[in-house]
Amino acid sequence: MSTVSTSTQSLIEGQLWLPDADATERCGVRLSPAVQRHPGAMIYLHGDLGMGKTALTRGILHGLGWQGTVKSPTYTLVEGYEWDSMRVFHFDLYRLADPEELEFIGIRDYDTADAVCLVEWPDKGRGVLRSPDVILHLVEQGAGRLLHWHAYTPLGQQWIEPLKGEQQV
Ligand SMILES: Nc1ncnc2c1ncn2[C@@H]1O[C@H](COP(=O)(O)OP(=O)(O)OP(=O)(O)O)[C@@H](O)[C@H]1O
Ligand SMILES: [Mg+2]
């Protein structure tokens, strides 16, 4: 896959068929316990415009019990969700002109051991954004999407555990 932003080999990888938008959100819900159990993860969300990266993030947040809306951070670059002991930061770097801008928006304050960062268009932050624990890559296939997942670290392996052995959500 051309957009995978790491030269490191993944420890484990697989794919999952998501037939419709509901399946994408359900996949996020399935991943949500990992956010609680394994904070500190950097998750890259790859895929073309409109492939479901935000929909997947919405599923994760709803699965965690977030009751509010989940908007695309296209213009704000980052949306933060902090409640109880949960800290989730959702980035969309599509409009980032220069990776150095990540320093200005305070990436070091978001990327902490107790937070999970989900990043759309991570290539735009290349060189500043740290390497991922997990890459989730959504590709159009027929009327649905194929999700390719890769875990690059032991933390990422734990994160991806709910998708192992699944063919379809
Ligand atoms: N598995 C699926 N099959 C078909 N349609 C889907 C699937 N998952 C999501 N969609 C649809 O695709 C669109 C995805 O929009 P979304 O905003 O999540 O994309 P995105 O990847 O975040 O795009 P952008 O890069 O513009 O932020 C929505 O219209 C959603 O209903
Ligand atoms: Mg999006």
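Here are a few exercises with worked solutions on the predicted model shown above.

A word on ground rules before you start. Residues are numbered from 1 along each chain as its sequence is written, with chains lettered from A and ligands numbered from 1 in the order in which they are written. Since the model is predicted, local features need pLDDT of at least 70 and side-chain atom pairs count only at pLDDT 80 or more, while totals for chains, interfaces and linings use all residues.

**Exercise 1. The whole chain**

Task: work out how many helices and strands the chain has, and in what pattern they come.

Step 1. Count the elements: you should get five helices and seven strands. Helices here are DSSP runs of H or I with at least four residues, strands are runs of E with at least two, and both are numbered from the N terminus.

Step 2. Read along the sequence and you get β-α-β-α-β-β-α-α-β-β-β-α.

Step 3. Check the size. The radius of gyration is 15 Å, close to the 15 Å that the globule rule gives for 169 residues, so the chain is as compact as a globular protein of that length. That radius is taken over C-alpha atoms, and the rule is 2.2 Å times the number of residues to the power 0.38. The C-alpha atoms fill a box of roughly 40 × 35 × 30 Å along the principal axes.

Step 4. Look at burial and contacts. Buried residues make up 42% of the 169; buried means 20 or more other C-beta atoms within 10 Å of the residue's own, exposed means 12 or fewer, and partly exposed is in between, with C-beta atoms placed from the backbone. Of the contacts between residues at least 6 apart in sequence, 74% join residues at least 24 apart. Contact means that the two C-beta atoms, placed from the backbone, lie within 7 Å.

**Exercise 2. Strand S2 and the core**

Task: find out which strands pair with S2, and in which sense.

Step 1. Locate S2 at residues 42-46, where five of five residues are buried. Met42, Tyr44 and His46 sit on one side, with Ile43 and Leu45 on the other. That fits a general pattern: in a regular strand the side chains alternate between the two faces of the sheet.

Step 2. Follow the bridges. S2 runs parallel to S5 (residues 116-120), joined by four bridges, and Leu45 stands opposite Glu120. S2 also pairs with S6 (residues 134-141) in the parallel sense over four bridges, and there Tyr44 faces Ile135. To count as a pair, two strands need at least two DSSP bridges between them.

Step 3. Zoom in on Ile43. Beyond its neighbours within four places in sequence, Ile43 has contacts that include Val116, Val119, Val134 and Leu136. Ile43 is also among the residues with the most contacts inside the largest nonpolar core, which has 44 residues. Such a core is a set of buried Ala, Val, Leu, Ile, Met, Phe, Trp, Tyr and Cys residues joined through C-beta atoms within 7 Å. H1 gives this core its largest share, five residues.

**Exercise 3. A hairpin and some positive phi values**

Task: describe how S3 and S4 pair, then find residues with positive phi.

Step 1. S3 (residues 78-83) and S4 (residues 86-92) are antiparallel, with six bridges. One of the partners is easy to spot: Trp83 bridges to Met86 in S4.

Step 2. Two residues lie between these strands, and Asp84 in this hairpin has a positive phi near 45 degrees.

Step 3. Now try the loops. Leu77, in the loop between H2 and S3, has phi near 70 degrees. Trp121, in the loop between S5 and S6, has phi near 55 degrees. Trp121 is buried, with 20 other C-beta atoms within 10 Å.

**Exercise 4. Helix H2 and the ligand**

Task: say which elements H2 packs against, and which residues come nearest to ligand 1.

Step 1. In H2, 10 of the 11 residues are buried, and they pack against H1, S2, S3, S4, S5 and S6.

Step 2. Of the 18 residues around ligand 1, Ala21, Thr24, Gly52, Lys53 and Thr54 come nearest. A residue is near if its C-beta atom, placed from the backbone, lies within 6 Å. H1 (21-37), H2 (53-63) and S7 (144-151) each give two or more residues to this shell.

Step 3. Tie the two together: Lys53 and Thr54 are among the buried residues of H2.
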